[in-house]
Structures are given as structure tokens and as C-alpha cells.
Amino acid sequence: MASFISGQLLTFECDGTIYAFDITSVTDIIEVPEITVLPMVAEHILGIMNLRGKVVPVMDFAGRMGFEPPEYDMHSCIIVVDCEGALLGIKVPRVIDAESYEKSAVSPSPVDNSCVVGYTVLGDRRVTIIDCVRLSEKNR
Amino acid sequence: MSKFDAGMESMLDTFVFESTELLENLDEILMRSESSELTADDIAEIFRVMHTIKGSAAMMGLKNMSELAHAVEDIYFVVRENPELEFDRPKLYELSFTTSDLLKNEIENLGDDSIPLTDFSEFISTLHEFAAYLTGLSKGEAVAAPTETHAIFSDDEPEGVRTVKVKFQESCMMPSIRAMVLLNSIGSDAEVLSTVPPDLDAESSDDEIKAQGFVIKLSCDDMDAVLSILRDGVDVETAEEIKREASAAPAPKPAAPALPAGSSEEGVTTFLVRFEEGCLMPSIRAMVLKNSLAAYGQLVKTVPADLDSDASEEEIAKNGFRIEIKTEHAAEALAMLRDGLNVLSADKLEAAAPAAQAAPEAQAAPKQAAPAKKDAPAAQHGGGGGAAGSMISVRLEKLDRLLDLVAEIVITESGVTSSPDLRKISGGLDHFQKSARELKKLTDELQDVVMSIRMVPVQTAFSKMSRVVRDMNKTLGKNVDLVFVGADTEADKSVVDILGDPLMHIVRNAVDHGIETPEERAAAGKTEKPTVTLSAGYESGEVVISCEDNGAGMDPKKLLAKGRKNGILTKPESEYTDAECYELIMAAGFSTNEQVTEYSGRGVGMDVVRKNIEKVGGKMSIESELGRGSKFTIRIPLSLSIIDVLGVKANGTELSVPVSSVKEIFRPESEMLMKDPDGTELVMLRDHCLRVIRLADAFELKGERRPLEDGIILYCKENGREAAVFADELTADQQVVVKPLSILLNKYELKSKGLSGCSILADGSITLITDINELFVHNGVRQTEAVK
């Protein structure tokens with residue numbers, strides 16, 4: 001019955017491409033707060049932030065994907081995702097929208113261990129769906 | 001199927017908590033009295049513990065536990081009643097300890113439905129045998145006491161006195177108690193003049209009743225009613241009136257015993273529930289049913305009304321439990337009642353003529369006899385836990401949540417009082433400032449109180465060790481004394497909980513490996529008693545727990561050899577200091593005992609112990625002297641979550657150094673500074689030459705390299721390692737709530753590089769907390785002295 005299962009995606013733009021998280025894994029979308037720099041970590045880990053009393057690490061999406069540093073402006077924000085119980089903030093240049101999609105219309109990524117779940121088309125744009133647990137480099 | 005009565009799940013936690021506490025209490029009493037004297041108070045207390053467990057287990061529907069407790073209760077009953085009795089005490093203790101273990105084990109497995117309830121019947125029969133043996137002994141003693149048969153009929157008996165003889169079943173455990181109950185239950189229908197035997201409290205009464213039956217002299221109007229009450233009594237075989245041959249008794253007046261009838265009130269349904277004969281505490285079962293019934297409608301009345309009274313027990317056993325309820329779901333309610341535990345039958349009673357309504361009232365009457373009896377157990381309870389009324393147990397998670405909330409409040413409060421918007425307000429803020437100060441005072445106090453709630457004495461962790469040592473003494477024959485020092489030292493509940501397992505390992509090791517056998521001690525010329533000392537105390541914000549034995553001590557050479565054999569040495573043998581040799585035993589895969597014993601020697605103990613302690617920010621160290629004994633010391637922060645830190649800045653980054661690691665803070669003068677030929681920066685502090693560790697370098701913080709004279713040096717010492725930690729400036733001295741770093745950052749191994757966690761400060765900013773020990777280890781600071 002997979003063809004009838006649909007969900008919602010939170011789409012965002014980075015490096016001219018549209019990416020998305022399944023909305024069930026997103027807990028917050030917040031303005032970029034003050035981020036405390038963490039030493040001795042990879043460059044794409046921006047540091048840690050205070051999310052209502054919880055200390056949450058923040059990752060730069062572009063840095064994680066290996067893109068050129070994008071321009072951050074007032075539209076930039078942090079998407080907080082729940083990676084199997086651990087929260088992770090992901091800094092993105094801009095969030096677009098929450099849009100419905102059909103899971104059957106997703107073509108899965110053929111690459112093993114990729115942080116991309118698959119690709120789908122919304123309207124006339126291709127959307128790359130990201131698995132936040134893979135993205136978080138958890139268990140590695 | 002669930003192990004316990006449905007609807008009791010919510011009570012499970014309380015039951016587990018209370019029973020565990022009671023069993024610990026029991027262990028303590030047993031331990032204390034085993035080596036000295038079993039006083040009457042002790043027996044009463046053990047009796048109370050078993051009684052309470054019996055009751056609460058029965059309430060939970062855990063029949064096996066309740067029966068087990070009952071069997072032990074019986075034994076102690078005999079012991080209590082015969083204080084002079086000489087008997088096999090070791091056997092008594094063995095049985096008691098086994099019971100305690102069985103019950104503990106059962107309680108532990110309660111939550112797991114996959115483990116079936118244990119069948120204790122075999123052990124219970126052992127207990128019964130012992131009880132019989134004790135009873136046999138007490139009989140022997142009682143021979144001296146006057147057991148001559150009391151004459152049933154005296155010559156000067158006034159007229160109107162009637163005599164009833166009750167015979168109990170052979171299996172009846174304590175006929176004297178049953179007899180007493182009977183007397184109470186006929187109290188309303190007849191006036192009891194005397195009984196044979198006269199004193200039901202006497203030792204011999206049980207045997208006398210067994211042999212000759214129980215004779216009651218009474219005067220009454222309605223003999224049949226009295227007889228029917230008596231016949232309905234538990235374990236009663238026969239009850240009949242006996243008459244003196246010569247005198248003719250007046251014919252009994254006819255009066256039909258009241259038949260149970262339902263309430264005639266409209267809309268009210270009446271149920272009568274009878275419980276199985278084997279049901280231990282019908283009043284409790286009744287209460288459970290009553291509570292469950294509340295879901296079906298509005299309870300009007302129950303008979304007996306007061307389920308707490310002792311008389312209710314007998315009444316329910318005899319007359320059943322009567323419930324009147326306003327309900328529209330009578331059928332469902334009836335089905336529920338029938339499904340209840342130990343329920344023999346449950347029937348709906350039809351409404352009867354109003355005249356018959358008096359019957360239930362009469363049935364309730366025996367209740368009047370209750371108060372006198374009730375006093376006794378109440379007094380017992382009072383003796384056991386005088387403070388019980390002023391104590392309350394709370395789930396630890398709730399306290400944790402409270403602590404978190406308070407921390408948040410403190411942060412938010414300072415966010416409000418130092419809000420940037422306030423600056424925009426022109427004019428005085430005097431009133432606001434005053435209120436803000438008040439608020440700050442209150443929140444500070446609140447924080448203190450919440451912290452103090454969580455403090456418990458380490459006694460709880462210590463007392464469990466007595467049991468461990470006692471058991472080992474029995475099997476190893478070492479006769480070790482366990483001494484406590486400073487057991488009233490308080491620490492955070494979570495700290496005390498964590499201490500349990502490590503202490504167990506250490507104490508076992510001390511008794512098993514540390515203390516020599518009596519022969520070895522004699523050969524070594526040691527005259528003092530083998531002793532293991534557990535001590536606790538505070539030292540600079542930490543709880544220090546040590547376990548010291550006066551045994552054989554450890555031989556560094558032997559440890560090294562063993563380490564070599566097991567291939568766990570990491571550097572040339574000649575470089576190992578004694579302290580490092582002792583540390584070997586905390587390495588994985590090390591066991592010095594040649595033979596693996598029941599208690600230790602699997603070689604997994606000490607490294608697990610160390611890991612567990614380090615996990616919670618504690619430290620463990622070992623001292624030893626060959627032939628004199630060893631000392632294991634554990635240091636754990638008072639509270640796991642809140643620590644005192646010094647805030648420092650290094651290249652603009654806020655870092656916090658735990659105050660407990662810092663010995664001295666000073667601003668270096670240029671004449672104190674040196675460099676060794678390799679360029680390593682050194683500082684002379686009095687006669688100490690210390691390596692300088694720049695926090696900025698250690699944590700790879702980008703920025704300008706500041707001359708040492710412009711900064712500040714924290715002389716830190718951890719675990720025998722010392723160095724001068726250099727930072728740009730000192731910013732604050734504060735208390736912080738430590739939060740671990742997200743598990744998503746695990747792969748960067750920040751903890752082993754010296755960053756143990758982080759904390760949110762009052763203004764909402766985050767500070768990183770350093771772990772000086774890890775920092776030193778990671779940066780190759782050598783251990784310069786033995787760990788104390």
C-alpha cells in the first residue's frame with residue numbers, strides 16, 4: 001500500500017539546489033542564535049547553541065555537503081532535527097516551504113550510505129531528500 | 001498474564017520501593033543480631049517486616065511472596081512467644097537470609113513478565129518444618145508450666161450460663177488466635193463470662209485447645225445465632241453447646257439466623273462476594289474490588305464498612321463482602337467481581353422486605369470489638385518508623401525534573417532582570433530593582449533547597465556491604481570485621497546509588513584477595529583482627545569513600561609479573577612506579593588471585609569499577625603496603641550535575657575549569673619563566689618546575705600567541721599529574737549545571753581531549769567545561785607522584 005503513503009517535506013535551498021527533510025524529523029525552525037564555537041571539531045560543525053535550555057550542536061549544511069560557503073543573510077535559519085533522540089541544528093541559507101509529497105514518487109538514491117534518501121519532483125523542481133541521521137554522522 | 005492483580009500496576013513502584021526498604025532493614029537487623037543478641041525488639045521488628053510484606057504482597061496478589069513471608073512470620077511468632085527458648089540459631093539466620101534473598105530476587109523480577117513467579121512451596125515447607133521444630137522445643141519447655149485441664153464445669157456456676165465447646169481443625173496453625181477472634185465475633189450476641197483455657201495469651205493455650213477444644217462460658221439470648229457465628233469461624237470444625245448432665249438447660253428460643261438480603265433502595269444493586277478459603281487477606285482483596293467497582297457506578301455502602309479494621313477480615317471470611325452500588329452496569333460489575341483474585345463467588349442479591357434489612361447491620365456489629373485489637377499493630381508500627389509520618393518518597397526523575405526547572409528559572413530570572421529593554425526605560429527602576437533582588441534571593445534559596453532534597457547519607461550504600469561481608473565470612477571462614485567510619489556523610493542520591501556496585505566489588509576484593517586466611521595471618525604473626533574499614537568524608541567539594549583492609553597488601557613486582565604474563569604492560573617494566581603497578585589491577589583482564597573463587601577472580605571486576613566511577617566524574621586510586629594492607633579510594637563530586645568552576649578566557653573562548661582541580665592561581669613574573677632546550681615553556685613556582693599548558697594551544701583555539709606574563713596561570717593538579725595551565729584572563733567564579741556534550745559529537749572524542757561537557761550560564765550563553773585530568777593525559781603530562 002506504499003503508493004498511498006504521503007508525507008510532508010520541509011524544503012530549503014542551498015547552493016542553487018532544493019533539499020528537503022521529511023517534516024516528521026523536524027522539531028524547530030529558529031533564527032540563527034549565538035553559537036558557541038567548539039574547538040577540535042570538523043569545520044562544518046559550527047559549534048553549540050542554547051535551545052531553550054538544551055545544548056544542541058549546530059552543523060553548517062553547505063560545509064557538510066562540501067559546497068562553497070554560501071551567503072548567509074537575515075533569511076538564514078537553523079532547522080532543528082531529531083536524529084533518533086539527539087537534536088541537531090542545521091544551518092541553511094533559506095527555508096522555502098513545507099510541501100506535501102508522495103512517498104511512491106521518490107526514486108531512492110542508488111548510492112550506499114549516502115545521506116540522500118532519494119529524489120522527487122515537486123512542481124517543476126527536483127528536490128533532494130536528506131536523511132538527517134546519516135547527515136548527523138551519528139554512530140561514526 | 002500479569003503477575004499481580006490487575007489495577008495494581010500503579011502500586012507496583014511503591015510496593016517495590018517499600019518492600020526493598022523493609023528487606024534492607026531486615027538484613028540489617030539480622031546482621032546486627034547474628035553476632036550479638038536477638039533482642040525482643042529485633043524479633044518484633046522482624047515480625048513487623050514480615051507482616052507488612054505479607055500484607056502488601058497479598059494486596060498485590062502475589063500469593064507466593066505473601067505465603068513465604070507468612071511462613072517466616074510463623075517462625076518468629078514462636079521465637080517471640082518463647083524468649084527463653086534455646087534453639088538452632090544459625091539455622092534460623094540461614095533461613096531468614098535465604099528468605100530475604102528470595103524475596104529481593106522476586107521483587108527485582110516483578111517488572112519482567114517473561115520471568116514467572118517463583119514457586120516457593122519447597123522452601124516454605126522447610127520453613128514450616130523449622131517452625132514445627134521450634135514449636136516442638138517450646139512444648140518441651142512448656143511442660144513445666146501448669147497444663148492441667150481446667151474443669152469445664154464448676155460447682156458454683158450460676159444459672160443461665162451456657163457452655164459452648166468449639167473444636168478446631170487439625171491443620172489450624174494457631175487455635176488460640178482463632179479462639180480469640182471467635183470471642184470477638186460473638187461479642188455482640190453474647191456475653192462471654194469465661195473460657196477454658198482462661199488465658200489465650202499463654203504459651204500452653206494452643207496445645208490445650210488442640211487437645212480438648214475451646215470452651216466458652218457465656219450468657220446469651222439467641223444460642224443458635226451464636227453457634228452459627230462460631231461454626232462459620234475459620235478453621236472451626238465443630239461448635240456445640242454442652243450441658244451438665246444434671247441440670248436441664250432451658251430450650252433455646254427460636255430465632256432464624258438472618259439471611260442475607262439485598263438493599264431495597266431503588267437503583268441500588270447489592271453484591272455479595274465470597275473469597276476462597278486460602279485467601280490470606282480478604283479485606284485487602286475486598287478493598288481492591290471496591291476500588292475497581294468505583295468505575296461502574298456510585299458506591300453506596302459496603303459491609304463491613306471499615307476494611308481497615310482487623311475484624312473486617314474475619315467478617316469477610318465468614319459472611320462475605322457485601323457491596324451496595326448505584327450502577328446501570330450491574331452485569332459488567334458482577335463479571336468484574338467474579339474475575340477478581342481469590343474470589344470464590346460473587347452474587348447479585350435481590351431486594352428483600354425492609355424487615356430483613358436489619359441483618360447486614362447486625363453483621364457489621366462485630367466491628368465494635370475491633371478497636372482494642374487494632375491498637376497493638378499500630379504500636380508496633382510506631383516503634384519501627386517513628387518518623388514515617390513526616391517522610392515521603394518521591395521518584396528520582398521528578399526531582400531531576402525539578403532541579404532542571406529550577407536551573408532554568410535561575411537563568412530566566414537573570415534574563416528578565418538584565419533585559420536590555422530595561423535600559424531603554426528612562427527614570428528610576430528602584431522598585432523593580434528591589435523586587436528583582438528579592439526574587440534572586442528566593443531563587444537562590446530554592447536552588448539550595450532542591451539540591452539538599454537529593455542528599456542522602458552514604459549509609460545506604462554501606463549497609464549493603466555488611467551482608468556481603470557476612471556471606472563471605474560464612475563461606476571463606478576469614479571472620480572479617482567490617483567497620484564503618486563517617487557513614488552519615490551525605491551525597492547526592494544518584495552518587496550514592498552509583499556507589500553500590502563499585503563498593504561491592506572493592507569490598508569483595510578486599511575480603512577475598514586482601515585479607516589472608518587465618519593460618520596465613522598466624523604465620524605472618526598478625527594478631528589484630530582481620531578488618532575492612534569503609535570510611536566516607538568530604539574533601540574539597542568531593543565525597544571521598546575509601547575501603548581499607550589490614551590484609552596482605554599488594555606486591556608491585558607480582559603485579560608487574562602478572563601484567564607481563566597477561567600482556568597488558570604498555571611501557572618497559574623498569575619505568576613503572578609502584579603507584580602505576582597498583583593501577584594495573586584496574587586494567588582490563590587482570591586478576592591476581594591464582595584461583596578463581598565464587599566472589600572474585602574473573603578479572604573483570606576492577607576495570608569495570610573504575611570505568612563506572614570515571615563515567616560519573618569520579619576518580620579511583622589505590623595505595624598498598626606489602627604485608628600491611630591496601631586502601632582503595634574513590635572520589636566523586638558531591639553532586640553529579642552541579643560543580644564549582646572558574647571561568648577563564650583563552651583566545652576569546654569562554655572555558656570553565658573545575659575549582660576542584662585548581663590548587664593555586666597566580667600571574668607569572670618574567671623571572672619565573674623558563675624554556676627547556678626543546679622550546680617547552682616552563683614556570684618555576686617556588687621549588688616546583690611546572691610545564692605550561694596553554695589552553696589555547698591544547699584546544700587548538702585560533703588567535704594571537706600571548707606572552708605568558710600577560711595572562712594568568714592556574715596551577716592544576718589531578719590524579720598525581722600537575723602542570724601550569726595558562727589562560728588569558730579569569731572571568732568568573734560560579735556554579736554550573738554540567739550538561740554532557742551531544743552524542744552527535746562523540747566521534748570527535750572531545751572528552752579524551754579535555755572537554756568534558758558544557759553548561760548554560762545565567763545569560764543564556766554556553767561555556768565549555770574542561771577536564772584537567774584528561775587534558776593532562778592527552779597532552780602527555782607525566783604522573784609525578786603516587787596517587788593519594
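Two residues are taken to be in contact if their C-beta atoms, placed from the backbone, lie within 7 Å. This is a predicted model, in which local features need pLDDT of at least 70 and side-chain atom pairs count only at pLDDT 80 or more, while totals for chains, interfaces and linings use all residues. Residues are numbered from 1 along each chain as its sequence is written, and chains are lettered from A, with ligands numbered from 1, in the order in which they are written.

**A helix pair in chain B**

Helices (H or I, at least four residues) and strands (E, at least two) are DSSP runs, numbered from the N terminus. In helix 14 of chain B, the residues B:Leu399, B:Leu402, B:Leu403, B:Val406, B:Ile409, B:Val410, B:Glu413 and B:Thr417 meet a set in helix 16 of chain B that consists of B:Ala436, B:Leu439, B:Lys440, B:Thr443, B:Leu446, B:Gln447, B:Val450 and B:Ile453. By class, this contact between helix 14 and helix 16 of chain B has 11 nonpolar, 3 polar and 2 charged residues, where Ala, Val, Leu, Ile, Met, Phe, Trp, Tyr, Cys and Pro count as nonpolar, Asp, Glu, Lys and Arg as charged, and the others, Gly among them, as polar.

The axes of helix 14 (residues 396-417) and helix 16 (residues 430-453) of chain B come within 10 Å and cross at roughly 160°; such axes are lines fitted to C-alpha atoms, for helices over the stretch in contact, and angles run from 0 to 180 degrees between N-to-C directions. Helix 14 and helix 16 of chain B are therefore roughly antiparallel to each other, given that angles under 35 degrees count as roughly parallel, over 145 as roughly antiparallel, 65 to 115 as roughly perpendicular and the rest as oblique. Helix 14 of chain B passes helix 16 of chain B in a left-handed crossing, a term that applies if the near helix is turned anticlockwise from the far one by less than a right angle, with right-handed used if clockwise.

**Two open sheets in chain B**

Strands are said to pair if DSSP finds at least two bridges between them. Chain B holds an open sheet of 4 strands in the order 2-3-1-4, with antiparallel pairing, and another open sheet of 4 strands in the order 6-7-5-8, also with antiparallel pairing.

| Sheet order (chain B) | Edge strands | Average angle between neighbouring strands |
|---|---|---|
| 2-3-1-4 | strand 2 (190-196) and strand 4 (236-242) | 25° |
| 6-7-5-8 | strand 6 (297-303) and strand 8 (343-349) | 25° |

Within the sheet 2-3-1-4, strand 1 (residues 162-168) and strand 3 (residues 214-220) of chain B pair in the antiparallel sense over 5 bridges, and B:Arg162 stands opposite B:Leu218 in strand 3 of chain B. Helix 8 (residues 223-232) of chain B lies across strand 1, strand 2, strand 3 and strand 4 of chain B, running at about 160° to strand 4.

In the sheet 6-7-5-8, 6 bridges join strand 6 of chain B to strand 7 (residues 321-327) of chain B, and these strands run antiparallel; here B:Gln298 stands opposite B:Lys326 in strand 7 of chain B. Helix 9 (residues 282-293) of chain B lies across strand 5 (268-275), strand 6 and strand 7 of chain B, at about 5° to strand 7. Helix 11 (residues 330-339) of chain B lies across strand 5, strand 7 and strand 8 of chain B, at about 160° to strand 8.

B:Val303 has its place in strand 6 of chain B and is buried, with 22 other C-beta atoms within 10 Å. A residue counts as buried if 20 or more other C-beta atoms lie within 10 Å of its own, exposed if 12 or fewer, and partly exposed in between, with C-beta atoms placed from the backbone. The C-alpha atoms of B:Val303 and B:Asn319, 16 residues apart along the chain, are separated by 9.3 Å.

**A hairpin in chain B**

Strand 14 (residues 619-625) and strand 15 (residues 629-637) of chain B run antiparallel and are joined by 7 bridges, with B:Gly629 in strand 15 as the bridge partner of B:Glu625. These strands form a hairpin with 3 residues between them, and B:Gly627 in the turn has a positive phi of about 85°.

**Chain A and its contact with chain B**

Chain A has 2 helices and 11 strands, and buried residues make up 30% of its 140 residues. In chain A, 19 residues are in contact with 19 residues of chain B. Strand 4 (45-51), strand 5 (54-60) and strand 7 (86-92) of chain A each supply at least two residues of the side that touches chain B, and the largest share, 3 residues, comes from strand 5 of chain A. By class, that side of chain A has 11 nonpolar, 4 polar and 4 charged residues.
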